[in-house]
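Visitor: I have a chain on my screen and some bench questions about it. Could you walk me through it?

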Amino acid sequence: MAEKHNPRKPAPAPGDGGILVIGLGRFGSAIAETLARSERDVLAVERSPELVAHWAGRIALVEADATNPVALEQVGVRDYPTAVVAVGSHLEASVLITANLVDLGVPQIWAKAISNEHARILERIGAHHVVRPESEAGERVAHLVSGKLLDYIEVEDGFTIVKMRPPRELEGFTLAQSHVRTKYGVTVIGVKSPGLDFRYAQPDTRISVNDTLIVAGHPDLLERFSRRP
């Protein structure tokens with residue numbers, strides 16, 4: 001194992017937020033590059049010489065096989081409180097890497113899954129957070145194409161935040177006059193008017209036709225509200 005670019009920063013202290021990203025496919029490279037731009041302490045681990053050469057000079061990385069626990073020890077995995085297993089398409093490698101991180105006591109392990117079965121395996125062996133990017137992106141797009149929604153973020157089961165255009169019945173009225181929460185069970189938490197800064201919604205906030213609303217609530221109620229003409 002040989003480091004290909006950029007010597008590592010000093011090991012972060014506990015809670016310092018150092019992040020290890022394993023796998024530099026589209027998902028992993030997007031995470032690593034975003035973290036690097038945010039000036040976070042991030043180190044990528046990739047076993048493909050071609051990908052290592054491609055990303056050299058843009059992010060701190062090492063060439064290593066993370067399915068080998070000895071290689072992870074040499075990388076200094078114990079110095080990182082958070083690790084992301086971005087290897088999804090190779091199920092065996094994904095499971096082995098995750099198991100290695102669990103055995104090495106990494107406090108927070110995020111792992112990419114490509115199916116429900118894959119996700120269940122990762123959870124059972126100890127991954128703290130399992131994400132399915134393609135599935136989650138598909139669900140999000142389905143919500144966006146089906147109504148007036150401009151953006152859709154499911155925070156957790158039963159609670160979602162959306163960005164949307166206002167229904168006609170709100171235009172020209174304040175939120176207090178519109179009784180949105182009483183009628184639809186959702187809460188307008190912010191309003192963005194063209195040319196103005198975002199503002200938190202108040203009872204006397206008046207809605208205009210060109211406004212963008214930030215609304216929170218249960219997904220089903222938000223869908224019903226977004227379908228208002």
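## Charged pairs, cores and one helix

Guide: Start with one helix: Arg-120 and Glu-117 both lie in H5, three residues apart, about one turn of the helix. Keep in mind that this is a predicted model.

Visitor: What do the side chains of Arg-120 and Glu-117 meet in?

Guide: An α-helix has 3.6 residues a turn, so residues three or four places apart point the same way. Arg-120 is partly exposed at 38% relative accessible area, and Glu-117 is partly exposed at 48%. Their N to O distance is 3.8 Å, and the cut-off is within 4 Å. The two side chains meet in a salt bridge.

Visitor: How many salt bridges are there by this rule?

Guide: Side chains of opposite charge can pair when their charged atoms come close. Arg-120 with Glu-117 is one such pair. By this rule the count is five.

Visitor: Arg-47 and Asp-65 also meet in a salt bridge. How many residues apart in sequence are the parts that the pair ties together?

Guide: The N to O distance here is 3.6 Å. Arg-47 lies in the loop between S3 and helix H2 (49–55), while Asp-65 lies in the loop between strand S4 (61–63) and H3. The pair therefore ties together parts whose separation in sequence is 18 residues.

Visitor: Is Asp-65 buried, exposed or partly exposed?

Guide: Buried means under 20% relative accessible area, and exposed means over 50%. Asp-65 has 31%, so the residue falls in the class partly exposed.

Visitor: Arg-227 and Glu-223 form a salt bridge too. Which class does Glu-223 fall in, buried or exposed?

Guide: The N to O distance of this pair is 3.7 Å. Arg-227 has 56% relative accessibility and counts as exposed. Glu-223 has 11%, and the limit is under 20%. Glu-223 therefore counts as buried.

Visitor: Now the interior. Which residues have the most contacts inside the largest nonpolar core?

Guide: This core has 28 residues. Elements that give two or more residues to the core include strand S2 (19–22), strand S3 (42–46) and helix H4 (91–103). The residues with the most contacts inside the core are Leu-20, Ile-22, Val-45 and Leu-101.

Visitor: Which element gives the largest share of this core?

Guide: Other contributors of two or more residues include helix H3 (69–75), strand S5 (82–85), strand S6 (108–112) and helix H5 (116–125). The largest share is four residues. That share comes from H4.

Visitor: Which residues of H4 does Ile-22 touch?

Guide: Leave out residues up to four places away in sequence. Ile-22 then touches Val-45, Ala-66, Leu-72 and Val-84, among others. H4 runs over 91–103. The contacts that fall in that range are Ile-97 and Leu-101.

Visitor: What covers the buried residues of H4?

Guide: The buried residues of H4 include Ala-93, Val-95, Ile-97 and Leu-101. H4 has 13 residues and reaches 18 Å, close to the 18 Å expected. The cover of its buried residues includes S2, H3, S5, S6 and H5.

Visitor: Which residue takes a positive phi just after H4?

Guide: H4 ends at 103. The phi in question is about 75°. The residue is Gly-105.

Visitor: How many residues does the second, separate core have?

Guide: This core includes Val-180, Val-188, Val-191 and Phe-225. The number of residues in the second core is 17.

Visitor: What percentage of the protein chain is buried?

Guide: The chain holds nine helices and twelve strands. It has 229 residues. The buried share is 42%.

Terms used:
Residues numbered from 1 in each chain as written. Predicted model: local features only at pLDDT ≥ 70, side-chain atom pairs only at ≥ 80, totals over all residues. Heavy atoms only, no water. Core = buried A, V, L, I, M, F, W, Y, C linked by side-chain atoms within 4.5 Å. Buried < 20%, exposed > 50% of the residue type's maximum accessible area, 1.4 Å probe, protein only. Contact = heavy atoms within 4.5 Å. Expected span 1.5 Å × (residues − 1).
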